[in-house]
Amino acid sequence: MPGLGGLLEQTEQAMTIFEYLMVMVSIILGLSITQVLRGLSKIARSPQRSVAVTLYGVFLFALHVQTWWALWDLSDVPEWNFVLFLLLISIPSVLFATSELLFPMATTAETDWNAHYDSVRKWFLSVLAIWTILALLETRIFLGTPIMHPYRIVQLSILSLIIAGIFLPARRTQNWIAGSILFLLIAGQLVFRLLPGLA
């Protein structure tokens, strides 16, 4: 039976660089999705709900799940360095920023969620736009995904709606944009992750 030193050596050999780097990614994503779930719980108990915040909360939850699943694609990256590591953790870090903007710790079930959203809308959507651009860049840099890949239509459509949301403050428009972004994410994942040959 191997001693503790032998077990540690076997564990170290079994852990790849990618798995080691994913520890940090996992921590950030875990904190971020906790923030989203806590925020959705507050909204569920709130007498002053916001359609846009609720839809974006569901969107962020789905985006966290999709991001976690998609990051496994990077397990085939042959070599890692510190710059690539920084690029890797930029995705969950920006997701955490969006989660904190939409559902800050200081909010409660009594928060006026429409007023809160109006106060953070430009920042929230701007950071979400940065996340979308990073996702475009990372699939190109890490995976060599072609610029003209069909999924780019989904990504660019979401980015266009996010940018429109920055400049169109009307509540009904914001609700429509949030719902459309959520629909595009789910539809895109159903098509490009489930149908063979398109992922």
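1. Y56 and F59 are both buried, where buried means under 20% relative accessible area, exposed means over 50%, and partly exposed falls in between (1.4 Å probe, protein chains only). Their ring centres sit 6.5 Å apart with the planes at 80°, so this pair is edge-to-face. For rings of Phe, Tyr and Trp (its six-membered ring), a pair needs centres within 6.5 Å; planes under 30 degrees apart are stacked, over 60 edge-to-face, and the rest tilted. Y56 and F59 lie about one helical turn from each other because they are three residues apart in helix α3.

2. A quick word on what you're looking at. This is a predicted model, in which local features need pLDDT of at least 70 and side-chain atom pairs count only at pLDDT 80 or more, while totals for chains, interfaces and linings use all residues. Residues are numbered from 1 along each chain as its sequence is written, and side-chain values use heavy atoms, leaving out hydrogens and water.

3. Now compare F82 and F85. Their ring centres are 6.2 Å apart and the planes meet at 40°, so the pair is tilted. F82 and F85 are three residues apart in helix α4 (residues 82-102), so about one helical turn separates them. Which of the two is buried, and which exposed? F82 counts as exposed because its relative accessibility is 58%, while F85 counts as buried at 15%.

4. There's more ring pairing to find: the structure holds eight aromatic pairs. Ring pairs also join F18, W72, W80 and F142 into a cluster.

5. Back in helix α3 (residues 51-70), have a look at H64. H64 is buried, with a relative accessible area of just 3%. What does H64 touch, leaving aside residues up to four places away in sequence? L29, S32, I33, V36, L95 and S99, a contact being heavy atoms within 4.5 Å.

6. On the outside, V23, I27, L31 and F96 make a nonpolar surface patch of about 340 Å². Patch residues have over 30% relative accessible area and no salt bridge (a side-chain nitrogen of Lys or Arg within 4 Å of a carboxyl oxygen of Asp or Glu); nonpolar side chains (Val, Leu, Ile, Met, Phe, Trp, Tyr) are joined within 5 Å, like charges within 9 Å. Helix α2 (residues 17-44) gives the most, with three residues. I27 belongs to helix α2 and is partly exposed at 48%.

7. As for the whole chain, it has seven helices and zero strands, helices (H or I) being DSSP runs of at least four residues and strands (E) of at least two, numbered from the N terminus. Buried residues make up 43% of its 199 residues.

Note on methods:
Accessible areas come from the Shrake-Rupley method with a 1.4 Å probe; for residues, only the protein chains shown count as cover.
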